[in-house]
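Student: Got a minute to go through a structure with me? I'd like to start with how much is tucked away inside.

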Amino acid sequence: MPDNSIGREIPSEILAQFSRNMFAGAYVNTPHVRQDKGNRTLPRLNKLVDNLEQVIVKTGLKDGMTISFHHHFRDGDKVVNLVMEAISQMGIKNLTVAASSLSAVHSPMVKHITDKTVSRIFTSGLRGELADAISNGIMDNPVLIHSHGGRARAIESGQIQIDVAFLGVPSCDVYGNANGYTGRSACGSLGYAKVDAGHARKTVLLTDNLVEYPNTPFSIHQDEVDYIVVVDEVGNPEGIGTGATRLTKNPKDILIGSLAAKVIACSGYFEDGFSFQTGSGGASLIATNFIRDYMLAQNIKAAWALGGITGQMVALHEEGLIKRLLDVQSFDREAIRSIGENRYHTEIDASYYANPLNKGCAVNKINVVVLSALEIDTDFNVNVLTGSDGVLRGASGGHCDTAVGAGLTVVVAPLIRGRSATVLERVQTVITPGATVDVLVTDRGVAVNPRRPRVEEQLRKNRIPIIPIAELQQKAERMVGKPEPVQYEKKIVAVVEYRDGTIMDVVRQVRIQ
Amino acid sequence: MEGMKILDTGIAGTLESSDVMITIKKHSGVEIELNSIVEKQFGRQIREVVRQVLEQLGVKDALVVVQDKGALECVLRARLITAVYRSAGLAEVQWEVFA
């Protein structure tokens with residue numbers, strides 16, 4: 001009979017029966033637990049690493065690997081540029097950057113593409129110089145554009161395997177408990193980062209605010225974190241979120257927002273206990289205020305709202321008109337304050353929000369969503385990615401996720417923007433398929449998808465000005481004229497993935513004239 | 001009508017979104033400098049409209065600087081006519097040439 005390491009007799013057949021090994025010592029098989037117990041002169045256990053270079057070495061980051069970032073700091077993000085610069089200095093090449101989104105502040109990425117540090121990008125959106133450069137064909141591999149739900153699906157299913165996640169957090173303790181609503185760089189929900197922390201092979205937190213252990217309540221859990229680096233700044237508060245999202249004074253937006261609220265109030269979906277999401281665009285934001293008027297007038301309360309939470313939503317929540325908020329991303333300082341203060345303003349991760357292949361995501365249960373559009377065509381397909389000149393300048397975001405999930409999907413857009421028609425025969429790029437869009441509200445009338453005759457009937461009964469979408473398209477063309485078609489090269493610069501992982505569309509390099 | 005003569009620099013319009021700022025200067029022959037946010041889609045049409053309006057007004061010598069922020073064609077015409085009249089030092093618009 002064999003003895004184990006502390007001299008207890010363990011019959012071999014027991015080991016076989018339970019498929020277990022013999023006890024071999026208190027920490028032989030658990031390399032991460034402290035082996036210094038009893039030795040009180042050693043430093044307290046923590047995951048702090050002195051600087052970025054050291055942490056990159058420790059993660060074992062090598063050429064060709066996949067790294068990830070979140071975009072909760074939006075245009076105030078300092079993490080992507082900081083980490084990419086360090087990686088580039090170390091000469092690591094050919095990386096895949098799987099960011100939840102990228103924005104105008106990430107223009108230094110152009111340099112990292114040119115010097116081959118980065119060879120592939122997965123993201124929800126692209127803006128500014130980086131977007132222009134990619135539209136002009138600087139990358140050998142097309143960028144993969146996915147929705148927020150689609151990204152969560154790809155990560156959870158292993159289609160995207162993140163080797164190292166570099167996640168900036170507004171507060172964190174020495175062991176990796178982090179939240180998003182305390183600290184100078186507070187950003188509110190860490191909904192996108194949570195998915196990465198849960199699935200990356202190595203997770204590195206960067207913070208400018210190291211706090212006492214344990215940093216409860218936490219969004220990112222210590223058991224998912226490998227290393228922590230303290231940096232000067234993870235974000236610039238100015239760019240993270242404006243004070244309170246300013247309400248538009250644009251009369252067109254106000255008109256569209258009020259008409260959208262009326263459409264919702266008459267749609268049959270507006271009843272006590274309903275749920276909704278409104279985007280952060282001008283018309284969409286002000287629609288929230290008009291919806292409030294209908295709620296007060298008809299004594300209707302929403303059970304919950306989803307988002308993309310804004311100060312408008314918070315105001316309704318604190319007024320008792322929305323009972324609960326589910327928040328994957330906090331858009332402004334009011335929302336950031338609220339998620340820290342309000343018991344029923346709950347943080348959710350991107351998978352809970354919109355992953356189409358998990359056992360139930362929040363968008364499935366939303367009654368009404370109001371979404372913006374850069375372009376919409378006569379088949380109701382929506383573009384939120386490329387401008388009328390064919391250049392990348394937007395983000396897929398949760399557009400197609402919420403559109404398919406909601407009972408009533410309302411797209412709000414002015415009929416024309418400057419000299420560009422919004423309603424077209426064919427959009428430049430499809431992000432959200434027309435089959436998932438129900439109503440288009442413009443400043444020149446409301447179009448209902450022929451798939452939804454009962455919605456149309458309901459709106460007509462309430463004297464909403466209904467007009468076929470083809471007529472809206474013709475109206476727009478009469479105002480702006482017929483543009484020359486955008487000229488593209490053969491080269492594909494971006495591939496648009498639908499939330500289920502299939503390829504919806506491609507974006508080609510724009511031709512320089 | 002007798003051709004209008006550009007005597008001085010004339011400006012009309014603004015750089016606001018959906019507007020166009022037109023600057024007319026003395027020049028020999030007609031030259032158009034176009035800078036538009038919708039150049040790819042409407043550049044050719046904008047130049048055509050500018051040429052057409054200048055012809056209607058009988059302007060044979062002018063440098064026309066068009067800084068377009070996505071103006072509709074009617075706005076472009078209005079700003080251009082105003083700029084030409086200002087640079088010609090005329091206040092009374094002769095509408096019949098546009099009939």
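Student: So how many of chain B's 99 residues count as buried, in percent?
Tutor: 42% of the 99 residues of chain B count as buried. Buried here means under 20% relative accessible area, exposed means over 50%, and partly exposed is in between, with a 1.4 Å probe and protein chains only.

Student: What should I know about the model itself?
Tutor: It's a predicted model: local features need pLDDT of at least 70, side-chain atom pairs count only at pLDDT 80 or more, and totals for chains, interfaces and linings use all residues. Residues are numbered from 1 along each chain as its sequence is written, chains are lettered from A and ligands numbered from 1 in the order in which they are written, and side-chain values use heavy atoms, with hydrogens and water left out.

Student: Ok, which helices and strands does chain B have, and in what pattern?
Tutor: Chain B has two helices and four strands, and along the sequence they run β-β-β-α-β-α. Helices (H or I, at least four residues) and strands (E, at least two) are DSSP runs, numbered from the N terminus.

Student: What's the radius of gyration of chain B?
Tutor: Chain B has 12 Å, which agrees with the value near 13 Å for a compact globule of 99 residues. The radius is taken over C-alpha atoms, and the globule rule is 2.2 Å times the number of residues to the power 0.38. As for the box, the C-alpha atoms of chain B fill roughly 35 × 30 × 20 Å along the principal axes.

Student: And what share of the contacts in chain B is long-range, 24 or more positions apart?
Tutor: 75% of the contacts in chain B with a separation of 6 or more are between residues 24 or more positions apart. Contact means heavy atoms within 4.5 Å.

Student: Let's look at helix H1 of chain B. Which residues there are buried?
Tutor: H1 covers residues 39-57 of chain B, and its buried residues include B:Phe42, B:Ile46, B:Val49, B:Val50, B:Val53 and B:Leu57.

Student: What covers them?
Tutor: The cover for the buried residues of H1(B) includes strand S3 (30-36), strand S4 (62-68) and helix H2 (73-88) of chain B, together with helix H16 (469-480) of chain A.

Student: What comes right after H1(B)?
Tutor: B:Gly58 follows H1(B), and its phi is positive, near 70 degrees.

Student: You mentioned H16 of chain A. Is A:Ile469 in there buried or exposed?
Tutor: A:Ile469 lies in helix H16 of chain A, and at 8% relative accessibility A:Ile469 counts as buried. Leaving out residues up to four places away in sequence, A:Ile469 touches A:Asp377, A:Thr378, A:Phe380, A:Val423, A:Leu440 and A:Ala447. The C-alpha atoms of A:Ile469 and A:Ile376 are separated by 9.6 Å, with their positions 93 residues apart along the chain.

Student: Zooming out, how many helices and strands does chain A have?
Tutor: Chain A has 16 helices and 25 strands. Its radius of gyration is 25 Å, close to the 24 Å from the globule rule for 513 residues, so chain A is as compact as a globular protein of that length. Buried residues make up 55% of the 513. The C-alpha trace of chain A spans about 85 × 55 × 50 Å along its principal axes.

Student: New topic: how many aromatic pairs are there over all chains?
Tutor: Four. One of them is A:Phe69 with A:Phe166, which is stacked at 6.1 Å centre to centre and 25 degrees between the planes. Rings of Phe, Tyr and Trp (its six-membered ring) pair if their centres lie within 6.5 Å; planes under 30 degrees apart count as stacked, over 60 as edge-to-face and the rest as tilted.

Student: Which parts of chain A does that A:Phe69 and A:Phe166 pair tie together?
Tutor: A:Phe69 lies in strand S2 (residues 66-69) and A:Phe166 in strand S6 (residues 164-169) of chain A, so the pair ties together parts that are 97 residues apart in sequence. A:Phe69 is buried at 1% relative accessible area, and A:Phe166 is buried at 0%.

Student: What about A:Phe274 and A:Phe276?
Tutor: Their ring centres are 5.3 Å apart and their planes at 5 degrees, so that pair is stacked. Ring pairs also link A:Phe270, A:Phe274 and A:Phe276 into a cluster.

Student: Last one: what does A:Asn367 contact?
Tutor: Outside its neighbours within four places in sequence, the contacts of A:Asn367 include A:Tyr269, A:Phe274, A:Ser275 and A:Leu408. A:Asn367 sits in the loop between helix H13 (350-354) and strand S15 (368-372) of chain A, and at 25% relative accessibility A:Asn367 counts as partly exposed.
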